[in-house]
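Here is an informal walk through one protein chain, from a couple of odd backbone angles out to the overall fold. Have the structure open while you read.

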Amino acid sequence: MSVAFELTNTSGRSVKLADAFAEEFVGWLARPADEVDAEYVDGGRLLDLVGSAAALGERARRGDQAAAFTQQYLLGKLYELSMQLPSTPNAEGSVAVQALVRQLEKDTVRDQDSYIDHELISASPESPDEFVSWLKSLIRSHRVFKHPYWHEFMRNEATPADLRHFVLQESSVDARFDDLLALMQVGTDGATKMEIASNYWDEMGNGQPEQVHTVLFQHIIDHFEITDQELKENLSTSALLGGNLAVLVCRYRSFFSEAVGHLAVAEWLAPDRFAQVLHAWRRLDLPPKGIIYHELHIGIDAHHASAWFAHVVKPLAGDPAARRAIARGALWRADSSARYLDGILDESR
Ligand SMILES: [Fe+2]
Ligand SMILES: [Fe+2]
(Lines give C-alpha, C1' and ligand atoms only; values in the text may rest on other atoms or scores of the structure.)
(Ligands and ions follow the chains in the order given, each with its own letter.)
Protein backbone atom coordinates (compact mmCIF):
# COMPACT_ATOMS: atom_id res chain seq x y z
CA MET A 1 0.00 0.00 0.00
CA SER A 2 1.51 3.31 -0.99
CA VAL A 3 1.31 6.50 0.96
CA ALA A 4 0.58 9.50 -1.23
CA PHE A 5 1.96 12.68 0.16
CA GLU A 6 1.92 16.25 -0.98
CA LEU A 7 4.93 18.42 -0.81
CA THR A 8 6.18 21.70 -2.13
CA ASN A 9 9.92 21.67 -2.60
CA THR A 10 12.34 24.53 -3.14
CA SER A 11 11.57 24.70 -6.87
CA GLY A 12 7.94 25.38 -6.00
CA ARG A 13 6.81 21.94 -7.15
CA SER A 14 3.50 20.95 -5.68
CA VAL A 15 2.53 17.44 -6.71
CA LYS A 16 1.54 14.18 -5.13
CA LEU A 17 4.03 11.39 -5.69
CA ALA A 18 3.14 7.97 -4.37
CA ASP A 19 6.69 6.80 -3.70
CA ALA A 20 9.63 8.18 -1.75
CA PHE A 21 12.14 6.84 -4.31
CA ALA A 22 10.47 8.89 -7.06
CA GLU A 23 10.35 11.98 -4.88
CA GLU A 24 14.04 11.62 -4.07
CA PHE A 25 15.06 10.96 -7.68
CA VAL A 26 13.23 14.01 -9.03
CA GLY A 27 15.34 16.00 -6.57
CA TRP A 28 18.51 14.64 -8.20
CA LEU A 29 17.59 15.75 -11.73
CA ALA A 30 19.01 19.24 -11.25
CA ARG A 31 22.40 17.75 -10.31
CA PRO A 32 25.18 16.89 -12.82
CA ALA A 33 25.01 13.36 -14.28
CA ASP A 34 28.30 12.33 -12.66
CA GLU A 35 26.98 13.20 -9.21
CA VAL A 36 23.79 11.24 -9.82
CA ASP A 37 25.79 8.21 -10.96
CA ALA A 38 28.21 8.49 -8.04
CA GLU A 39 25.18 8.16 -5.75
CA TYR A 40 23.15 5.54 -7.60
CA VAL A 41 25.64 3.54 -9.70
CA ASP A 42 28.89 3.70 -7.71
CA GLY A 43 26.85 3.82 -4.51
CA GLY A 44 25.20 0.50 -5.36
CA ARG A 45 21.62 1.83 -5.45
CA LEU A 46 20.86 1.20 -9.14
CA LEU A 47 19.12 -2.16 -8.75
CA ASP A 48 16.99 -0.80 -5.94
CA LEU A 49 16.03 2.20 -8.06
CA VAL A 50 14.97 0.08 -11.03
CA GLY A 51 13.24 -2.41 -8.73
CA SER A 52 11.25 0.38 -7.09
CA ALA A 53 10.18 1.63 -10.51
CA ALA A 54 9.08 -1.88 -11.50
CA ALA A 55 7.07 -2.21 -8.27
CA LEU A 56 5.50 1.18 -8.96
CA GLY A 57 4.66 0.00 -12.49
CA GLU A 58 3.03 -3.13 -11.12
CA ARG A 59 0.79 -1.09 -8.82
CA ALA A 60 -0.06 1.24 -11.70
CA ARG A 61 -0.97 -1.77 -13.86
CA ARG A 62 -3.38 -2.97 -11.16
CA GLY A 63 -5.20 0.35 -11.16
CA ASP A 64 -3.51 2.26 -8.32
CA GLN A 65 -4.16 5.87 -9.45
CA ALA A 66 -1.47 7.47 -7.32
CA ALA A 67 1.09 5.00 -8.66
CA ALA A 68 0.00 5.66 -12.26
CA PHE A 69 0.37 9.38 -11.73
CA THR A 70 3.81 9.00 -10.15
CA GLN A 71 4.97 6.72 -12.97
CA GLN A 72 3.95 9.15 -15.73
CA TYR A 73 5.03 12.25 -13.82
CA LEU A 74 8.48 10.73 -13.29
CA LEU A 75 8.80 9.66 -16.92
CA GLY A 76 7.79 13.17 -18.01
CA LYS A 77 10.44 14.71 -15.75
CA LEU A 78 13.10 12.35 -17.14
CA TYR A 79 12.06 13.12 -20.73
CA GLU A 80 12.40 16.86 -20.02
CA LEU A 81 16.14 16.26 -19.73
CA SER A 82 16.35 15.33 -23.40
CA MET A 83 13.57 17.59 -24.72
CA GLN A 84 14.57 20.99 -23.27
CA LEU A 85 17.75 23.04 -23.37
CA PRO A 86 19.11 23.24 -19.82
CA SER A 87 19.96 26.49 -18.07
CA THR A 88 22.17 24.74 -15.52
CA PRO A 89 23.96 21.36 -15.42
CA ASN A 90 21.52 18.48 -15.06
CA ALA A 91 21.31 14.70 -14.95
CA GLU A 92 21.00 14.16 -18.73
CA GLY A 93 23.31 11.31 -19.73
CA SER A 94 23.28 9.68 -16.31
CA VAL A 95 23.31 5.88 -16.37
CA ALA A 96 20.79 5.87 -13.53
CA VAL A 97 18.44 8.10 -15.56
CA GLN A 98 18.71 5.78 -18.56
CA ALA A 99 18.01 2.70 -16.44
CA LEU A 100 15.00 4.32 -14.83
CA VAL A 101 13.64 5.61 -18.15
CA ARG A 102 13.88 2.11 -19.65
CA GLN A 103 11.94 0.54 -16.78
CA LEU A 104 9.22 3.19 -16.92
CA GLU A 105 9.00 2.87 -20.70
CA LYS A 106 8.79 -0.91 -20.67
CA ASP A 107 5.96 -0.78 -18.13
CA THR A 108 4.17 1.93 -20.11
CA VAL A 109 4.43 -0.07 -23.35
CA ARG A 110 3.22 -3.24 -21.60
CA ASP A 111 0.16 -1.40 -20.29
CA GLN A 112 -0.67 0.19 -23.66
CA ASP A 113 -0.30 -3.18 -25.37
CA SER A 114 -2.73 -4.73 -22.89
CA TYR A 115 -5.58 -2.74 -24.48
CA ILE A 116 -4.82 -3.98 -27.98
CA ASP A 117 -6.33 -6.93 -29.82
CA HIS A 118 -3.08 -8.30 -31.25
CA GLU A 119 -4.82 -10.88 -33.43
CA LEU A 120 -6.83 -8.14 -35.05
CA ILE A 121 -3.77 -6.05 -35.92
CA SER A 122 -1.94 -9.10 -37.28
CA ALA A 123 -4.79 -9.72 -39.70
CA SER A 124 -4.63 -6.42 -41.58
CA PRO A 125 -4.88 -6.53 -45.40
CA GLU A 126 -1.62 -7.01 -47.31
CA SER A 127 -2.29 -4.52 -50.07
CA PRO A 128 -1.04 -1.05 -49.00
CA ASP A 129 -4.17 0.64 -50.39
CA GLU A 130 -6.45 -1.71 -48.51
CA PHE A 131 -4.33 -1.34 -45.38
CA VAL A 132 -4.87 2.43 -45.36
CA SER A 133 -8.66 1.94 -45.65
CA TRP A 134 -8.53 -0.77 -42.97
CA LEU A 135 -6.56 1.48 -40.60
CA LYS A 136 -9.01 4.33 -41.12
CA SER A 137 -12.02 2.12 -40.44
CA LEU A 138 -10.27 0.70 -37.35
CA ILE A 139 -10.05 4.23 -35.97
CA ARG A 140 -13.49 5.22 -37.26
CA SER A 141 -15.04 2.37 -35.30
CA HIS A 142 -13.03 3.23 -32.15
CA ARG A 143 -14.92 5.04 -29.42
CA VAL A 144 -12.34 7.86 -29.56
CA PHE A 145 -13.80 8.84 -32.94
CA LYS A 146 -16.48 11.50 -32.35
CA HIS A 147 -16.04 11.12 -28.60
CA PRO A 148 -18.84 12.91 -26.69
CA TYR A 149 -16.26 15.13 -25.03
CA TRP A 150 -15.93 16.95 -28.36
CA HIS A 151 -19.32 16.59 -29.96
CA GLU A 152 -21.48 17.19 -26.92
CA PHE A 153 -19.50 18.73 -24.13
CA MET A 154 -16.98 20.95 -25.94
CA ARG A 155 -19.42 22.01 -28.63
CA ASN A 156 -22.44 22.81 -26.48
CA GLU A 157 -21.57 22.94 -22.80
CA ALA A 158 -17.96 23.94 -22.13
CA THR A 159 -17.43 27.17 -20.17
CA PRO A 160 -14.30 29.35 -20.41
CA ALA A 161 -12.97 27.51 -17.33
CA ASP A 162 -13.46 24.18 -19.14
CA LEU A 163 -11.61 25.52 -22.18
CA ARG A 164 -8.79 26.68 -19.95
CA HIS A 165 -8.54 23.21 -18.42
CA PHE A 166 -8.60 21.63 -21.89
CA VAL A 167 -5.78 23.87 -23.19
CA LEU A 168 -3.63 23.14 -20.16
CA GLN A 169 -3.95 19.37 -20.60
CA GLU A 170 -3.49 19.50 -24.39
CA SER A 171 -0.24 21.41 -23.97
CA SER A 172 1.57 18.12 -23.28
CA VAL A 173 1.58 17.46 -27.03
CA ASP A 174 0.65 20.66 -28.92
CA ALA A 175 3.24 22.86 -27.24
CA ARG A 176 6.14 20.81 -28.66
CA PHE A 177 4.77 19.14 -31.76
CA ASP A 178 7.58 20.51 -33.97
CA ASP A 179 10.26 18.86 -31.82
CA LEU A 180 8.42 15.55 -32.01
CA LEU A 181 8.46 15.72 -35.82
CA ALA A 182 12.13 16.67 -35.76
CA LEU A 183 12.89 13.61 -33.66
CA MET A 184 10.79 11.37 -35.87
CA GLN A 185 12.62 12.25 -39.10
CA VAL A 186 16.05 11.04 -37.94
CA GLY A 187 17.13 8.10 -40.10
CA THR A 188 14.33 8.40 -42.67
CA ASP A 189 14.89 9.22 -46.34
CA GLY A 190 13.15 9.79 -49.66
CA ALA A 191 9.41 10.52 -49.75
CA THR A 192 9.04 9.86 -46.02
CA LYS A 193 11.65 12.42 -45.03
CA MET A 194 10.20 14.88 -47.53
CA GLU A 195 6.70 14.50 -46.07
CA ILE A 196 8.00 15.02 -42.53
CA ALA A 197 9.99 18.03 -43.77
CA SER A 198 6.93 19.54 -45.41
CA ASN A 199 4.83 18.96 -42.30
CA TYR A 200 7.64 20.45 -40.20
CA TRP A 201 7.85 23.51 -42.43
CA ASP A 202 4.14 24.09 -41.85
CA GLU A 203 4.88 23.83 -38.10
CA MET A 204 7.52 26.54 -38.68
CA GLY A 205 4.83 28.80 -40.18
CA ASN A 206 6.46 28.30 -43.60
CA GLY A 207 9.26 30.56 -42.47
CA GLN A 208 7.18 33.30 -40.83
CA PRO A 209 8.14 33.51 -37.15
CA GLU A 210 4.74 34.81 -36.03
CA GLN A 211 3.01 31.90 -37.79
CA VAL A 212 5.04 29.15 -36.09
CA HIS A 213 2.46 26.75 -34.63
CA THR A 214 3.90 26.69 -31.12
CA VAL A 215 3.79 30.52 -31.21
CA LEU A 216 0.11 30.38 -32.28
CA PHE A 217 -0.62 27.83 -29.54
CA GLN A 218 0.96 30.26 -27.08
CA HIS A 219 -1.84 32.79 -27.86
CA ILE A 220 -4.44 30.55 -26.25
CA ILE A 221 -2.09 29.88 -23.31
CA ASP A 222 -1.71 33.66 -22.92
CA HIS A 223 -5.44 34.25 -23.25
CA PHE A 224 -6.07 32.02 -20.22
CA GLU A 225 -2.99 33.33 -18.39
CA ILE A 226 -1.77 29.78 -17.89
CA THR A 227 1.58 29.92 -16.11
CA ASP A 228 4.73 27.84 -16.80
CA GLN A 229 4.31 26.39 -13.33
CA GLU A 230 0.82 25.13 -14.24
CA LEU A 231 2.09 23.71 -17.53
CA LYS A 232 4.75 21.76 -15.68
CA GLU A 233 2.88 20.67 -12.59
CA ASN A 234 -0.88 20.56 -13.26
CA LEU A 235 -1.22 17.82 -15.85
CA SER A 236 -3.44 14.83 -15.18
CA THR A 237 -2.09 11.27 -15.40
CA SER A 238 -3.65 10.74 -18.82
CA ALA A 239 -2.39 14.07 -20.16
CA LEU A 240 1.11 13.12 -18.94
CA LEU A 241 0.74 9.71 -20.55
CA GLY A 242 -0.36 11.30 -23.84
CA GLY A 243 2.73 13.52 -23.86
CA ASN A 244 5.06 10.71 -22.80
CA LEU A 245 3.75 8.28 -25.41
CA ALA A 246 4.37 10.87 -28.14
CA VAL A 247 7.98 11.29 -26.97
CA LEU A 248 8.45 7.55 -26.54
CA VAL A 249 7.46 6.63 -30.10
CA CYS A 250 9.47 9.51 -31.61
CA ARG A 251 12.74 9.04 -29.73
CA TYR A 252 13.38 5.40 -30.68
CA ARG A 253 14.21 4.47 -34.25
CA SER A 254 12.82 1.02 -33.47
CA PHE A 255 9.40 2.59 -32.79
CA PHE A 256 9.35 4.54 -36.05
CA SER A 257 6.37 2.62 -37.45
CA GLU A 258 4.49 3.04 -34.17
CA ALA A 259 5.23 6.78 -34.43
CA VAL A 260 3.81 6.79 -37.97
CA GLY A 261 0.55 5.23 -36.74
CA HIS A 262 0.45 7.50 -33.71
CA LEU A 263 0.87 10.63 -35.80
CA ALA A 264 -1.66 9.44 -38.41
CA VAL A 265 -4.35 9.31 -35.72
CA ALA A 266 -3.30 12.64 -34.19
CA GLU A 267 -3.42 14.50 -37.52
CA TRP A 268 -6.52 12.73 -38.80
CA LEU A 269 -8.67 13.39 -35.72
CA ALA A 270 -7.56 16.97 -35.09
CA PRO A 271 -9.73 18.83 -37.67
CA ASP A 272 -13.05 17.48 -36.38
CA ARG A 273 -12.01 18.05 -32.75
CA PHE A 274 -10.78 21.56 -33.38
CA ALA A 275 -13.99 22.42 -35.24
CA GLN A 276 -15.81 21.75 -31.96
CA VAL A 277 -13.34 23.92 -30.04
CA LEU A 278 -13.86 26.73 -32.57
CA HIS A 279 -17.63 26.36 -32.21
CA ALA A 280 -17.31 26.65 -28.41
CA TRP A 281 -15.00 29.65 -28.75
CA ARG A 282 -17.52 31.51 -30.93
CA ARG A 283 -20.46 30.43 -28.75
CA LEU A 284 -18.66 32.02 -25.79
CA ASP A 285 -17.70 35.08 -27.85
CA LEU A 286 -14.03 34.87 -26.85
CA PRO A 287 -11.36 37.00 -28.61
CA PRO A 288 -10.39 35.66 -32.09
CA LYS A 289 -6.62 35.79 -31.49
CA GLY A 290 -6.79 32.98 -28.96
CA ILE A 291 -8.34 30.48 -31.38
CA ILE A 292 -6.04 31.00 -34.40
CA TYR A 293 -4.10 27.78 -33.68
CA HIS A 294 -7.20 25.59 -33.62
CA GLU A 295 -8.94 27.33 -36.52
CA LEU A 296 -5.86 27.02 -38.73
CA HIS A 297 -5.44 23.32 -37.96
CA ILE A 298 -8.94 22.43 -39.14
CA GLY A 299 -7.66 22.85 -42.68
CA ILE A 300 -3.97 22.19 -42.27
CA ASP A 301 -4.27 18.91 -40.38
CA ALA A 302 -6.79 17.56 -42.89
CA HIS A 303 -4.07 18.10 -45.48
CA HIS A 304 -1.35 16.69 -43.18
CA ALA A 305 -3.41 13.57 -42.54
CA SER A 306 -4.14 12.76 -46.18
CA ALA A 307 -0.52 13.40 -47.18
CA TRP A 308 0.67 11.27 -44.24
CA PHE A 309 -1.52 8.32 -45.26
CA ALA A 310 -0.42 8.63 -48.90
CA HIS A 311 3.31 9.37 -48.54
CA VAL A 312 4.29 7.71 -45.26
CA VAL A 313 1.77 5.04 -44.21
CA LYS A 314 1.14 3.52 -47.63
CA PRO A 315 4.80 3.08 -48.70
CA LEU A 316 5.57 1.31 -45.40
CA ALA A 317 2.51 -0.92 -45.54
CA GLY A 318 4.00 -3.56 -47.83
CA ASP A 319 5.81 -5.03 -44.84
CA PRO A 320 3.76 -7.13 -42.36
CA ALA A 321 5.82 -6.07 -39.31
CA ALA A 322 5.46 -2.40 -40.25
CA ARG A 323 1.68 -2.84 -40.68
CA ARG A 324 1.38 -4.33 -37.20
CA ALA A 325 3.53 -1.57 -35.72
CA ILE A 326 1.61 1.22 -37.47
CA ALA A 327 -1.69 -0.20 -36.20
CA ARG A 328 -0.16 -0.64 -32.73
CA GLY A 329 0.98 3.00 -32.61
CA ALA A 330 -2.40 4.16 -33.94
CA LEU A 331 -4.21 2.20 -31.22
CA TRP A 332 -1.84 3.41 -28.49
CA ARG A 333 -2.84 6.91 -29.46
CA ALA A 334 -6.57 6.14 -29.89
CA ASP A 335 -6.88 4.16 -26.62
CA SER A 336 -4.90 6.62 -24.50
CA SER A 337 -6.77 9.54 -26.04
CA ALA A 338 -10.15 7.87 -25.34
CA ARG A 339 -9.26 7.28 -21.68
CA TYR A 340 -7.99 10.85 -21.41
CA LEU A 341 -11.28 12.16 -22.86
CA ASP A 342 -13.37 9.93 -20.56
CA GLY A 343 -11.46 11.38 -17.61
CA ILE A 344 -11.68 15.01 -18.65
CA LEU A 345 -15.41 14.61 -19.45
CA ASP A 346 -16.03 13.02 -16.07
CA GLU A 347 -14.17 15.78 -14.24
CA SER A 348 -15.83 18.54 -16.23
CA ARG A 349 -19.35 17.32 -15.59
FE1 LIG B 1 0.66 22.21 -36.26
FE1 LIG C 1 -0.39 18.77 -38.40
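Let's start in a loop. This is a predicted model, and Lys146 sits in its loop between helix 7 (128–140) and helix 8 (148–157). Its backbone is a bit unusual: Lys146 has a positive phi of about 60 degrees, and it is not a glycine. For context, most residues other than glycine have a negative phi. Is Lys146 buried, exposed or partly exposed? With 15 other C-beta atoms within 10 Å, Lys146 is partly exposed.

Arg143 is found in the loop between helix 7 and helix 8 as well. Arg143 counts as exposed because it has 12 C-beta neighbours inside 10 Å. If you want a long-range reference point, pick Ile292: Arg143 and Ile292 are 149 residues apart in sequence, and their C-alpha atoms are 28 Å apart in space.

Another positive phi turns up at Asp285, which is not a glycine either and has a value near 55 degrees. Look for Asp285 in the loop between helix 15 and helix 16 (292–316). Asp285 is exposed, with 6 other C-beta atoms within 10 Å.

For a buried residue, turn to Ile196 in helix 11 (residues 190–203). Here are the neighbour counts of the four residues mentioned so far with their burial class.

| Residue | Other C-beta atoms within 10 Å | Class |
|---|---|---|
| Lys146 | 15 | partly exposed |
| Arg143 | 12 | exposed |
| Asp285 | 6 | exposed |
| Ile196 | 21 | buried |

What does Ile196 touch, leaving out residues up to four places away in sequence? The partners are Leu181, Met184, Gln185 and Thr188. As for Leu181, it is 15 residues from Ile196 along the chain, and the two C-alpha atoms are separated by 6.8 Å.

Now for the helices. Helix 14 (residues 237–251) has 15 residues and reaches 21 Å from its first C-alpha to its last, close to the 21 Å expected at 1.5 Å a residue. Helix 14 is also mostly covered, with 14 of its 15 residues buried.

Helix 5 has 19 residues, and its end-to-end C-alpha reach of 27 Å is close to the 27 Å expected at 1.5 Å a residue. Its buried residues include Ala96, Val97, Leu100, Val101 and Leu104, and among them are also Gln103, Glu105, Thr108 and Gln112. What do the buried residues of helix 5 pack against? They pack against helix 1 (20–28), helix 2 (33–42), helix 3 (46–61), helix 4, helix 14 and helix 17 (320–348).

Leu100 comes back when you look at the nonpolar interior. The largest nonpolar core has 89 residues, and those with the most contacts inside it are Leu100, Ala259, Val260, Ala264, Val313 and Ala330. Helix 15 (residues 256–283) gives the most to this core, with 14 residues. The core draws at least three residues from each of domain 1 (5–113) and domain 2 (119–348). Take Val313 as a close-up: setting aside residues up to four places away in sequence, Val313 touches Val132, Leu135, Val260, Ala264, Trp308 and Ile326.

On to the domains themselves. The domain assignment gives domain 1 (5–113) and domain 2 (119–348), and 26 Å separate their centres, taken over C-alpha atoms. How many residues of each domain are in contact with the other? There are 15 residues of domain 1 in contact with 14 residues of domain 2. On the domain 1 side, the elements that give two or more residues are strand 2 (14–17), helix 4 (65–83) and helix 5 (95–113). Helix 4 gives the most to that side, with 8 residues. By type, the residues of the domain 1 side divide into 7 nonpolar, 6 polar and 2 charged.

Finally, zoom out to the full chain. Its secondary structure comes to 17 helices and 2 strands. The radius of gyration is 20 Å, close to the 20 Å that the globule rule gives for 349 residues, so the chain is as compact as a globular protein of that length. Along its principal axes the C-alpha trace spans about 55 × 50 × 40 Å. Buried residues make up 38% of the 349 residues. Of the contacts with a separation of 6 or more, 80% are between residues 24 or more positions apart.

Technical notes. Residues numbered from 1 in each chain as written. Chains lettered and ligands numbered in written order. Predicted model: local features only at pLDDT ≥ 70, side-chain atom pairs only at ≥ 80, totals over all residues. Core = buried A, V, L, I, M, F, W, Y, C linked by C-beta atoms within 7 Å. Buried ≥ 20, exposed ≤ 12 C-beta atoms within 10 Å, placed from the backbone. Helix = DSSP H or I, 4+ residues; strand = E, 2+ residues; numbered from the N terminus. Domains from an automatic or database assignment. Contact = placed C-beta atoms within 7 Å. Expected span 1.5 Å × (residues − 1). Nonpolar A, V, L, I, M, F, W, Y, C, P; charged D, E, K, R; others polar. Rg over C-alpha atoms; globule rule 2.2 N^0.38 Å.
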